[in-house]
Amino acid sequence: MAALPVFRWRLAPDGYATRRQLRARGLRPGGQCVAAQLERPRRRRGPLVAYLYRVELAKPVRPMTPARWRALAKANAARRRCPACRRDAGYVIPASLGMCVPCHDTI
């Protein structure tokens, strides 16, 4: 396997984008392999690395179907349901607590 081209932070040539940059343009990598990487040096640790993909090989983001919207709504509802009292808390249950605030305060 050939080594990936490495660019310094903010110095990548046009035609490359990170996953987030592709998503902001309404694109996705679409199965392509990582084409290059960015490295941002840090003082006492290894560099931060960001992987880049070719923009011209990217594909459009798949549209949300009604089934996907329903599945997303169900997953978000599960994140709001307290496992202790089984009520909808009205907010996403913090992972650090593991239950809604009223249930956590009674412990």
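A residue is termed buried when its relative accessible area is under 20%, exposed when that area is over 50%, and partly exposed in between. These classes are applied below to a predicted model.

Trp 69 has a relative accessible area of 52% and is therefore classed as exposed. The residue belongs to helix 2, which spans residues 66-80. Together with Met 64 and Leu 72, Trp 69 forms a nonpolar patch on the surface. The accessible area of these residues amounts to about 310 Å² together.

Asp 105 is likewise placed in a helix, namely helix 3, formed by residues 101-105. Because its relative accessibility is 57%, Asp 105 also counts as exposed. Between Asp 105 and Glu 56 there is a separation of 49 residues in sequence, and their C-alpha atoms are 53 Å apart in space.

Gln 21 is located in helix 1, which comprises residues 19-24. With a relative accessibility of 42%, Gln 21 falls in the partly exposed class, because this value lies between the limits of 20% and 50%. In sequence, 26 residues separate Gln 21 from Pro 47, while the C-alpha to C-alpha distance of this pair is 20 Å. A polar atom of the Gln 21 side chain is found 2.9 Å from the backbone nitrogen of Thr 18.

Thr 18 itself is situated in the loop that connects strand 2 (16-17) with helix 1. Its relative accessibility is 17%, so Thr 18 is buried. When neighbours within four places in sequence are set aside, the residues in contact with Thr 18 are Ala 50, Tyr 51 and Leu 52. The polar contact with Gln 21 thus joins a backbone atom of the loop residue Thr 18 to a side chain.

A second loop position, Gln 32, occurs between strand 3 (27-28) and strand 4 (36-40). Gln 32 is buried because its relative accessibility is 16%. Two backbone oxygens are considered in turn for this side chain. The side chain of Gln 32 reaches the backbone oxygen of Pro 29 at 3.2 Å. In addition, a polar atom of the Gln 32 side chain lies 3.0 Å from the backbone oxygen of Arg 54. Arg 54 also appears among the residues touched by Gln 32 when those up to four places away in sequence are not counted. The others in this group are Tyr 53, Leu 57 and Ala 58.

Terms used
Residues numbered from 1 in each chain as written. Predicted model: local features only at pLDDT ≥ 70, side-chain atom pairs only at ≥ 80, totals over all residues. Heavy atoms only, no water. Helix = DSSP H or I, 4+ residues; strand = E, 2+ residues; numbered from the N terminus. Buried < 20%, exposed > 50% of the residue type's maximum accessible area, 1.4 Å probe, protein only. Polar contact = N/O pair within 3.5 Å; in protein donor to acceptor, adjacent residues only side chain to side chain. Contact = heavy atoms within 4.5 Å. Patch = residues over 30% accessible without salt bridge, like charges linked within 9 Å, V, L, I, M, F, W, Y side chains within 5 Å. Areas by Shrake-Rupley, 256 points an atom, 1.4 Å probe, with all protein chains shown as cover. Salt bridge = Lys/Arg side-chain N within 4 Å of Asp/Glu carboxyl O.
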